Each structure stands twice: as C-alpha cells, then as structure tokens.
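This briefing goes through one structure by topic, beginning with charged side chains and moving on to aromatic rings and loops. Please keep the sequence and the 3D view at hand while reading.

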Amino acid sequence: MKMMAVGVISWNTRDLLRECLESVVAQAPAEVVVIDNGSNDDSPGMVRRMFPSVQVTVNPENPGFGAAANQAFASTTAPYLLLLNGDTRLCPDALSALGEYLARQPSVGVVGPRLRRPDGRLQSSCSAFPNPLVPVVKSKGLTRLIGRIPVLRDHVLDTWSHDRPRKVPWVVGAALAIRREAFESVGGFDESFHMYFEEPDLCFRMLKAGWETHFAPVADIIHVEGASTQQRRHDMLWEWAVSYARYNERHCSGRRLAVARLMFKAGMLVRWCRENVRSVFARDSRSRAQIAGDAAVWSRALGLGSGGELGTRRRRPPE
C-alpha cells in the first residue's frame with residue numbers, strides 16, 4: 001500500500017512487537033518506522049536484527065504516545081499513516097482497506113478499524129467526547145452492564161455492535177489511520193498529554209478544523225489491550241487523572257469548566273471511597289497493596305480539579 005506508511009509506538013513489548021511487524025511488513029506499506037519509548041527489553045535490537053528495512057528511533061526515556069506519534073509523522077512522507085501500538089497485529093488486507101477508505105472519503109481525517117481481542121472478541125474502539133459527568137458516572141462495570149441490555153447497547157458508542165462504518169467523535173489510539181493533511185492542519189498531537197486523552201483531543205481539534213473521524217470495520221486489527229500500561233498500573237492511573245483534568249482545562253470554559261472541575265473532584269472522591277471499601281474485603285496482602293496504591297492515586301488526584309498541578313507536564317504519584 002504505497003499511499004500508507006506505518007508507525008509503531010513501542011514500550012517493552014518485544015515479542016508482541018515482533019508479531020506486529022511481521023503482520024505489517026507482509027502487507028508492504030510505503031514506509032515502516034518504530035518509535036521506541038525507552039524500552040529495556042531489547043525491542044530496538046530485535047527490530048534491527050529481524051527487520052532491517054524498518055527505521056527505528058529510540059527515545060532515551062518515554063515522552064508519551066502523542067510525542068512518539070508526532071515523531072512517526074516526521075519520519076515518514078506518505079499521505080496516510082497508520083499508527084499502531086506495539087501490541088497490535090494486522091489481519092489480512094487491513095492496510096489496503098484502510099488506505100482505500102481514506103481515499104474514498106476526502107473529508108475524513110482519522111479512521112479507526114475494528115479492534116478484536118486475541119480470542120476474537122470485539123473490543124470497543126470509539127466513544128463520545130469526554131463531558132463533565134464522565135468521571136462520576138462512567139465505569140467499566142457500567143459499560144459491561146449496558147452491553148448486556150439490548151435496548152441500550154446499540155445507543156451507546158462504547159457498546160454498539162461495531163458492524164458498519166459511521167461518523168464518530170473519536171477512536172481508540174491502538175490503531176489510527178490518519179490523513180497527513182488533516183494531521184498537519186491542526187499541528188499534530190498535543191504533547192502535553194503524556195498518556196490518555198490524546199485521541200479525543202486530536203479528533204476534537206480536527207472536527208473544529210472541518211475534518212471528520214470515522215469508525216470503519218473494513219479492517220480488523222488484533223489488540224492485546226494493556227500489554228504496556230499494566231506494567232506500571234499506578235503510574236498509568238495517575239496519567240489518566242492528569243490527562244483528564246488537562247482535557248477539561250483545554251476544552252471547557254466558563255460555567256462548563258466550573259462544572260467539569262467539580263465533577264472531576266467528585267469522580268476522584270468516589271474512586272477513593274470505592275478503594276477504601278474494597279480494601280476491607282481484600283483477601284491477601286498483594287491485593288491490599290494494589291488497592292492502597294490505587295487509593296493513593298485518587299487521593300492525590302483530588303488536588304487536580306482546579307488545574308493546580310497541570311503546569312508540569314509529567315508528575316507521578318507517590319510510591
């Protein structure tokens with residue numbers, strides 16, 4: 001697919017990265033780059049040994065997904081770029097199908113393929129833009145419940161059947177086919193989002209600039225969700241909280257921002273209370289330690305609601 005380059009963002013997923021690149025190279029993209037965010041598992045060495053045609057950029061430390069994605073764009077020239085996490089794998093003809101979709105839809109800046117888990121189950125890959133109530137009402141448990149109620153599930157983007165192309169607010173960053181012209185028109189990813197909310201931020205800015213985001217099940221991509229993030233669970237919870245607060249500060253103003261800040265604090269308080277209740281019923285010391293770490297993140301995140309800690313791009317919770 002000579003119109004499509006591929007950029008793979010990698011952090012400590014060497015074996016999965018190898019499978020990803022095998023599936024990518026087999027589909028003959030115009031260019032392939034790997035942006036390694038400071039892995040310590042010999043991922044760059046593996047790529048150089050096994051995939052000599054693949055360009056590798058190694059960051060000495062992890063600058064975040066958005067910064068690495070911007071590097072992938074700067075390292076390629078094709079009109080379209082498929083951004084992939086290192087824990088993904090292309091199904092046959094995925095690259096050409098996504099490129100052809102973008103070619104047929106000149107108003108589309110981003111298209112997300114259908115994501116599947118390794119066992120074949122559907123993985124939700126699009127969602128509504130964040131709103132001030134989300135920190136309080138949205139949870140994985142609630143999403144699973146909605147998914148079991150036929151009258152509701154097809155009316156919620158997180159749980160609908162993902163069986164047809166449609167315009168959506170934003171798509172999950174595990175696999176994003178992006179039109180270079182659209183990407184460059186908004187200045188690329190905002191690198192102040194270290195992890196999480198980069199995709200809704202990008203798609204929202206593209207929408208304001210006149211570009212659409214689509215979900216299109218013209219291609220399937222296997223995604224081993226959490227292969228990198230679960231290696232640093234508490235850091236990633238903290239990054240989620242920081243990025244959500246930053247998203248509110250970027251895209252809300254006036255009364256809406258005041259409500260967003262209040263609801264953010266309420267959401268963090270609900271999570272802190274939940275972890276304290278869970279700790280009472282924890283059966284072993286390992287579970288209690290994980291729950292205590294989660295609670296510490298939500299406790300510290302209560303201080304984020306007014307933008308106080310958002311001037312520093314990266315902060316970590318106490319160990």
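Arg233 and Asp294 join their side chains in a salt bridge, with N and O 2.6 Å apart, a salt bridge being a side-chain nitrogen of Lys or Arg within 4 Å of a carboxyl oxygen of Asp or Glu. The model is a predicted one, in which local features need pLDDT of at least 70 and side-chain atom pairs count only at pLDDT 80 or more, whereas totals for chains, interfaces and linings use all residues. Residues are numbered from 1 along each chain as its sequence is written, and side-chain values use heavy atoms, with hydrogens and water left out.

**Overall make-up**

- The protein chain contains twelve helices and twelve strands, where helices (H or I, at least four residues) and strands (E, at least two) are DSSP runs numbered from the N terminus.
- Of its 319 residues, 51% count as buried, a term that stands for under 20% relative accessible area, with exposed meaning over 50% and partly exposed in between (1.4 Å probe, protein chains only).
- Among contacts between residues at least 6 apart in sequence, 78% join residues at least 24 apart, contact meaning heavy atoms within 4.5 Å.

**Salt bridges**

- Side chains of opposite charge can pair when their charged atoms come close, and a search of the whole structure finds 15 salt bridges.
- Arg233 lies in helix H10 and Asp294 in helix H12 (residues 285–301), so their salt bridge ties together parts that are 61 residues apart in sequence.
- Within this pair, Arg233 is partly exposed at 27% relative accessibility, whereas Asp294 is buried at 1%.
- Glu275, which counts as buried at 1% relative accessibility, forms a salt bridge with Arg274 at 2.8 Å, N to O, and another with Arg278, where the closest N and O atoms are 2.5 Å apart.
- Glu275 and Arg278 both belong to helix H11 (residues 254–281) and are three residues apart, about one turn of the helix.
- The arginine partners of Glu275 are partly exposed, Arg274 with a relative accessible area of 39% and Arg278 with one of 36%.
- A network of salt bridges links Arg14, Asp15 and Arg18.

**A buried acid without a salt bridge**

- Asp41 is located in the loop between strand E2 (32–37) and helix H2 (43–50).
- Although buried, Asp41 has no salt bridge, and the nearest side chain of opposite charge, that of Arg14, is 5.2 Å away; for this purpose Lys and Arg count as positive and Asp and Glu as negative, while His and the chain ends are not counted.
- A polar atom of the Asp41 side chain lies 3.2 Å from the backbone nitrogen of Thr13.
- Leaving aside residues up to four places away in sequence, Asp41 touches Asn12, Thr13 and Arg14.

**Aromatic rings**

- The structure holds ten aromatic pairs, counted when rings of Phe, Tyr and Trp (its six-membered ring) have their centres within 6.5 Å, with planes under 30 degrees apart taken as stacked, over 60 as edge-to-face and the rest as tilted.
- One of them joins Phe129 and Phe204, whose ring centres are 5.2 Å apart and whose planes stand at 85°, so the pair is edge-to-face.
- Phe129 lies in the loop between strand E8 (126–127) and helix H5 (134–137), and Phe204 in helix H9 (residues 198–208), so this pair ties together parts that are 75 residues apart in sequence.
- Phe204 counts as partly exposed, at 22% relative accessibility.
- Phe197 and Trp240 form a tilted pair, 6.1 Å centre to centre with 50° between the planes.
- Phe197 lies in the loop between helix H8 (180–185) and H9, and Trp240 in helix H10 (residues 233–251), so the pair ties together parts that are 43 residues apart in sequence.
- Phe197 is buried, with a relative accessible area of 10%.
- Ring pairs link Phe197 and Trp240 with Tyr244, Tyr247, Phe264 and Trp298 in a cluster.
- The charged end of Arg271 sits over the ring of Trp298, 5.6 Å from its centre, the criterion being NZ of Lys or CZ of Arg within 6 Å of the ring centre and within 35 degrees of the ring normal.

**A loop glycine**

- Gly120 lies in the loop between strand E6 (108–116) and strand E7 (122–123) and is partly exposed, with a relative accessible area of 35%.
- Gly120 and Asp220 are 100 residues apart in sequence, and their C-alpha atoms are 10.0 Å apart in space.

How values were computed:
Polar contact = N/O pair within 3.5 Å; in protein donor to acceptor, adjacent residues only side chain to side chain.
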